[in-house]
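Work through the ligand sites of the model shown here. Each exercise is followed by a solution in steps.

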Amino acid sequence: EVALIYFITPTYPRREQVAELTRLGQTLMHVPRLHWIVADDRPDCSQQTMNLLPDFGIPYTYIASPMPAIYKRATDAIPRGVSNRRAAINWIRLNHNIDDTKAVIYFGDDDNTFHLDLFKEIRTTKKISMFPVGLVGEYAISSPIVEKGKVVGFFDSWPAKRKFPVDMAGFAINVQLLFKYPYATMPYKAGFEEDRFLSALSIQLEDIEPKAENCTRILVWHTQTAKKPKPTVMVRSKAALPGSL
Ligand code: UDP
Ligand code: MN
């Protein structure tokens, strides 16, 4: 039996949101046996996103969970996409039938770029798999280091004393782990979400299954969309009609 992929996408309201979700949705349309969990960082689901998601013809769940206000005031980095990823993790715990369906969980941000081969790679994750992510940080790559088919360390521009210096897009887990560690979740600690989550799941280096041809292929990129700030004033002028001069 082929495992289902739960693809968790944290997203938030902004001018770029519909464009990001459209591009991502049209990537996911090519992937069989995938359940898209769109987790919006807002108090309730938006009509705009509710209207958009059926367009892709794929199974999806749309949930909303806003970042608590205390984290928005954080003086250091803000933990983006945590409240909504946590809500998605809990949705899986409440709705997945562990005895019935094999499944793998992956966190795919709304602005990242995914090669379709990525889905073939992560689908066979027994416990935890890892692979390179392109365009991360100063080195423009974050990747496990593989020797003789085993992960022996990590190459990442920001180690920060993390046990697992990996990007959110650089790993997949088998759903069984969520049930084995029912209280494990993602921390509200910017930069340490991956490391603390994986530690909460008691991951050890020897558990890690290297994917993407022993981590020699990049199948996901941490692309970022340039932000268009909202204008402070909008001036609406009459169109210059032909012949109006
Ligand atoms: N995100 C969110 N709330 C926010 C900011 C971001 O849910 O206030 C989501 C965003 O849609 C994306 C993920 O969290 O899927 C990571 O955010 P972003 O892409 O802005 O971060 P970066 O690319 O800089 O890591
Ligand atoms: Mn991003």
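**Exercise 1.** Which elements each supply at least two residues of the shell around ligand 1?

*Solution.* Keep in mind that this is a predicted model. Step one: go through the shell, which has 14 residues. Step two: assign its residues to elements. β1 (4-11) and α4 (82-95) each supply at least two of them. Step three: pick out the residues that come nearest to ligand 1. They are P10, D41, N84, D111 and Q224.

**Exercise 2.** Sort the shell around ligand 1 by residue class, then list polar contacts.

*Solution.* Start with the classes. Three shell residues are nonpolar, five are polar and six are charged. Now take the contacts, with N or O pairs within 3.5 Å. A nitrogen atom of ligand 1 lies 2.8 Å from a polar side-chain atom of D41. The side chain of D110 places an N or O atom 3.0 Å from a ligand oxygen. At T11 the partner is a polar backbone atom, 3.4 Å from an oxygen of ligand 1.

**Exercise 3.** How much of the accessible area of ligand 1 does the protein cover?

*Solution.* On its own, ligand 1 has 520 Å² of accessible area. The protein covers 85% of that. As for location, ligand 1 sits in the largest pocket.

**Exercise 4.** Which residue coordinates the manganese ion, and where is that residue placed?

*Solution.* Find the donors of ligand 2, the manganese ion. Both listed donors are OD atoms of D111, at 2.1 to 2.6 Å. Then locate D111: the loop between β4 (103-107) and β5 (113-114) holds this residue. Finally, link the sites: D111 is also among the residues that come nearest to ligand 1.

Methods
Residues are numbered from 1 along each chain as its sequence is written. Chains are lettered from A and ligands numbered from 1 in the order in which they are written. This is a predicted model: local features need pLDDT of at least 70, side-chain atom pairs count only at pLDDT 80 or more; totals for chains, interfaces and linings use all residues. Side-chain values use heavy atoms; hydrogens and water are left out. A residue is near a molecule or strand if one of its heavy atoms lies within 4 Å of it. A polar contact is a pair of N or O atoms within 3.5 Å; within protein, one must be able to donate a hydrogen and the other to accept it, and residues adjacent in sequence count only if both atoms are side-chain atoms. Accessible areas come from the Shrake-Rupley method with a 1.4 Å probe; for residues, only the protein chains shown count as cover. On a 1 Å grid over the protein atoms alone, a cavity is a set of points where a 1.4 Å probe fits but cannot get out, and a pocket is an open set with protein on both sides within 12 Å along at least five of seven lines; lining residues have an atom within 4 Å of a point. A molecule sits in a cavity or pocket if more than half of its atoms lie within 2 Å of its grid points. Helices (H or I, at least four residues) and strands (E, at least two) are DSSP runs, numbered from the N terminus. Ala, Val, Leu, Ile, Met, Phe, Trp, Tyr, Cys and Pro count as nonpolar, Asp, Glu, Lys and Arg as charged, and the others, Gly among them, as polar. Donors are N, O and S atoms within 2.8 Å of the metal (3.2 Å for Na, K and Ca); water is not among the atoms, so sites may look incomplete.
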